[in-house]
Amino acid sequence: MTLGLDTFSFKQLIFVNSAAYAYTRVRIDQHTALFGSNNLGKTSMLNALKLFLLPEVNFRNCQKKFNFRGTSGKVYDSLASFRYYFPEDRSFIILEAENPHGTFCIVLHRGSATDNREYARMVVPCAYSEIEPLFWDMDADGDGGIGGPVDAMTLKGTLAELRRLGGEPLSERKAIQQRLFTSQHHHPGEGRFSLLPLRNDAGAREIEAWRKLIHLAFDIAAQDQRTLPDTLATIMEGQKSRREEQLSVDLGDIIDESRKLRADGDLITHLDNAGDDWQAFDALYQSEREHRRLAAQRYADLTQSVTQEKDRLDEAVRLAGGALRDATHAEETLRRDKSALEREVTRVETRLETLQQQAHELRRDINAANATLNAFPDLSADEAAAALQERIDRQQETIESYNSKEAAQHRLAEVNRRLQSNKHKAQRMRQALDNRSPTLLDALPARDAAILYSLNPALGKTHGTPGAEQLAAFRHFSEQFHSADGVLVLGHPPDHIILGGIAWQAYDAEHNRQQSEHELTQLQRYIERDSEQRDELMRAATLTADDIRRHRQGAVEAVDSTHRERSTLMAKAANEDQAATLAQEIEALNQTLEEARQQSNRNAAEHARADETRQAAQQRHHAAKDERNTLDSLERRLNALGRDADSVFGRALRYLTPAPCSLSDEAVTALEGDVRELRRQWQQLETQLRQLLALRLLGDDATSELTMAFDDETVSHFHEQLRERYSNLETLRAHYRNNVERHNMTTRSQVEILRRAKDYVSAFMSGINKELGQFRISNLEEVRIDYRLHPRFQQLLDDLDRADLLSNELQDEHVYEQLQAFQADFFSPEATRTGNVLSMDQILQSVFYRYRLQGEDGWTGNAQSNGTTMMITTNLLSVLISRLMAPDARVSMPLVMDEFGSLEVRNMRTAREMAERHGYSLFVASPNRDANIIQVLENYVHLGLFSAERAYSSRRSVVHHGLCETFGATGSLRRRQPPPQRQPS
């Protein structure tokens, strides 16, 4: 072990519910071989080291970041890799490592944004043995003592427990680089979790160089042709510490300056050739300026006069407009009043007409009611209405008889029965009235007769003479009753009983007779009605179906007619009251209508006078506007001339003092002629200027404006520039010659920088070969790396060597075209102050090994066996790693070799010796348990021997507790325990 160096070592790798493993621990601080059948994840276990060796936080762009490949060379994409290593929240990959500050663990787990395929890391300042119970229960029953999953394990709970133990999450790439990839020897707090101490504080170039080395370490056989050149180029870039070493070449500036100088030379030639054209343009320009000044003065004078006259006419129009508005307002007010009054007259007329129509209809209904009442001379209105209702009932019964034969027969029988009964009753009543026989009450005293009549009025119409005994009984009975307050009471006060509802009535024999005659008259009317109805029913029985329909329709119409007669009769009193009210309202409306008509007539006369005033004001306003429009016509013509005043009159207008003048059509016409002449001169001036600009006398910027329309300022600007050019022509010639000489010197200095790039590659390769020459591999006396530069880079240097960069003439255009093409393809613009940088991987086309066999003097490039190539690449890897690591650090890490069994035994031993010489351990994989591998490496792990029946997932069931089997010197097998943990310093 080298003294005076800080040691950084990798100790063991743990998979929890990840890849194919339920729980697997593998020591990587000693030479270790992984055995196991295919699909057990041996290669993926080796690849998993990249997750710790690179400061990444997600699997996006996975091929460029990690270059995960299987044994077949297949590249795994980002989603497949993420799901493989972190299939669920309870998946962890843990690396136990040690540095001068103590042992620590890096715990990888799923990140918060799983849709972005993120993973996260937490660093814990303790040995793995302290946190192992969080991930696997070694004391769980079952499965033959291999332990079991921690049922309560969750991502949130595990991270919380790790924080309690001092765990610190690292989520940002910059923080990861600072904490894991720098040594911080004198700052224990900041260097507590240092894993790989890179040079220069793990800058971007160092990290990228380290990434290339990682890819080389996992491609020991260098099967990818770009692996070696990309790795070496990145190492070279990473070792550049000074700005001048960055090969920043300003080829773009050289090319741009050559174009400018070539344009300057062409300009001098064009100025010489266009001297006569310039003289002609200058003369026309001076003439046009004078003509423009005179026309501009006339335009300004006329415009000023128009402005003043406009003020006067505007005031006249304003006053006339105000008078018109006042007259219009007065006319409109009266017109609105006139319309309102006319509407009111119409409204009253309409209302009066409506009321008169209603009064007419009421009189018609009243007359109809009187006619109906005249048809019943002996009856009151209510009795007549009752008679009409009886008629309606009979008519309804007649209709029913027409509708049903059975109903007609039933009705006929009913009418006959009632008719016979009424006839008998009428006969008895007539006999009683004719005979004038006394009633039962006639023989009694008036008081007794009144008592019995009040109790039963029928006794007053019952004829006959009672006996003495009966009279005595009547009198005795009547004595029990008395009259009190118009009603009968039973007994004497104060114990009498009031017979509610029985009024006391005096018995009047004559009144009863008159009432009986009236009842007899009514009964005779019923008999007549029933007789008519009987006859009608008997006739209906003999009618045909068509006759029945006609009679039924007649009966229905009769019912409707009778209903109308009755309704009119019932409404007669209300209609008479309403008719009287309407008569009063009509009389009042007639008076209102007369007043409204008089007021409307007065308003119409006032409106006519106001309208005459408005028309007069309108005529005065129109006259003022006509005069104003005439002035507007002159102003529009002036505006047409000066719509684009700068192009017509130029800047002359800005310095003129206008004076009032006479306004007339002739003055404006004369100015229009001046403007046409000005435009003709302007077109001629533009044409000559375009010809001069087309010769590029003012450069490409002015030429780009040839398609644009010129204005006065532009023409003056170009005239001034051209005058200045011709005035300074001799000075321009001298300045051009000096610039060409300086440009050639600058180009020569930049070419020297390109030559230094070639020298830098050569020096770097020489240094690498010097270190490689210290090793012997197989039958090789010496091994070195050789390279080829890109042919275009070499060709450019050869062509520049042939160019004369010390002359005072510009180089051939072909030289600058070559420089431009080379810059476009080989320089990368970095977002730093270094500008355009020549990247080494651009000019380093290929890197290959050359060999000198034992006993031979010459070198050969013939391909060696895969094993020999792997030994050489391993040696190169160790050399390159030492160049990236901090000079005061010693890193003990595993060198990954997949398919280690393909090597010969002597190459296996050489690989082990080389790894141990540099402080590394071999971490290899092979599908079969190989005795040669066991004999060389001694320590091996056979994955897949133990499978947990109870795991976090049935798809991940392999269990290995971290013990390696060891092939001892006596040939016996023994278990090797992990070394004791080093305590933090």
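Reader: Which residues meet in a salt bridge at 2.5 Å, N to O?

Author: Side chains of opposite charge can pair when their charged atoms come close. In this predicted model, the side chains of Arg733 and Asp272 form such a pair, with N and O 2.5 Å apart. The two partners come from distant parts of the chain: Arg733 belongs to helix α24 (residues 729-772) and Asp272 to helix α11 (residues 251-273), with their positions 461 residues apart.

Reader: Is Arg733 buried or exposed, and how does Asp272 count?

Author: Arg733 has a relative accessible area of 19%, so it is buried, the limit being under 20%. Asp272 has 39% relative accessibility and therefore counts as partly exposed.

Reader: How many salt bridges are there by this rule?

Author: The count comes to 39. Another of them joins Arg292 to Glu288, at 2.1 Å from N to O. Both residues sit in helix α12 (residues 275-374), four residues apart, or about one turn of the helix.

Reader: Are Arg292 and Glu288 buried or exposed?

Author: Arg292 is buried, at 2% relative accessibility. Glu288 is buried as well, at 0%.

Reader: Which residue forms a salt bridge with Arg680, and where do the two lie?

Author: The partner of Arg680 is Glu677, and their closest N and O atoms are 2.6 Å apart. Both are in helix α21 (residues 665-694); because they are three residues apart there, about one helical turn separates them. Arg680 is partly exposed, with 45% relative accessibility, and Glu677 is also partly exposed, with 28%. Elsewhere, salt bridges with shared partners connect Glu56, Lys65, Arg173 and Arg211 in one network.

Reader: Which side chain of opposite charge is nearest to Arg121?

Author: That side chain is Glu56, 7.9 Å away; Arg121 is buried and has no salt bridge. A salt bridge needs the nitrogen within 4 Å of a carboxyl oxygen, so a separation of 7.9 Å does not qualify. Arg121 itself is part of strand β6 (residues 119-124).

Reader: What does the side chain of Arg121 reach at 3.0 Å and at 2.8 Å?

Author: Backbone oxygens, in both cases. The oxygen of Leu51 is at 3.0 Å from the Arg121 side chain, and the oxygen of Glu56 is at 2.8 Å. Glu56 thus appears with its backbone oxygen in this contact, while salt bridges place Glu56 in the network with Lys65, Arg173 and Arg211.

Reader: Where is Asn99, and is it buried or exposed?

Author: Asn99 is in strand β4 (residues 92-99). Its relative accessibility is 0%, so it counts as buried. A polar atom of its side chain lies 3.0 Å from the backbone oxygen of Arg192. Asn99 and His185 are 86 residues apart in sequence, and their C-alpha atoms are 9.7 Å apart in space.

Reader: Which residues have the most contacts inside the largest nonpolar core?

Author: In soluble globular proteins, nonpolar side chains tend to be buried together. Here the largest nonpolar core has 129 residues, and those with the most contacts inside it are Leu51, Phe59, Leu196, Trp210 and Phe900. Leaving aside residues up to four places away in sequence, Phe900 touches Met908, Ala911, Leu922, Val924, Ala925, Ile933 and Leu937. Another core, of 24 residues, lies apart from the largest one; Tyr23, Phe92, Phe135 and Tyr952 are among its members.

Reader: How many helices and strands does the protein chain have, and what share of its residues is buried?

Author: There are 30 helices and 23 strands. Of the 985 residues, 45% are buried. Among contacts between residues at least 6 apart in sequence, 74% join residues at least 24 apart. The chain exposes about 50800 Å², with carbon and sulfur atoms supplying 47% of that area.

Reader: Which residues other than glycine have a positive phi?

Author: Most residues other than glycine have a negative phi. Asn61 is one with a positive value, about 55°, and it lies in the loop between α2 (49-53) and α3 (62-65). Glu938 is another, with phi near 75°. Glu938 is in the loop between α30 (931-937) and β20 (939-942), and at 26% relative accessibility it counts as partly exposed.

Terms used. Residues are numbered from 1 along each chain as its sequence is written. This is a predicted model: local features need pLDDT of at least 70, side-chain atom pairs count only at pLDDT 80 or more; totals for chains, interfaces and linings use all residues. Side-chain values use heavy atoms; hydrogens and water are left out. Buried means under 20% relative accessible area, exposed over 50%, partly exposed in between (1.4 Å probe, protein chains only). A polar contact is a pair of N or O atoms within 3.5 Å; within protein, one must be able to donate a hydrogen and the other to accept it, and residues adjacent in sequence count only if both atoms are side-chain atoms. Lys and Arg count as positive and Asp and Glu as negative; His and the chain ends are not counted. A nonpolar core is a set of buried Ala, Val, Leu, Ile, Met, Phe, Trp, Tyr and Cys residues joined through side-chain atoms within 4.5 Å. Contact means heavy atoms within 4.5 Å. Accessible areas come from the Shrake-Rupley method with a 1.4 Å probe; for residues, only the protein chains shown count as cover.
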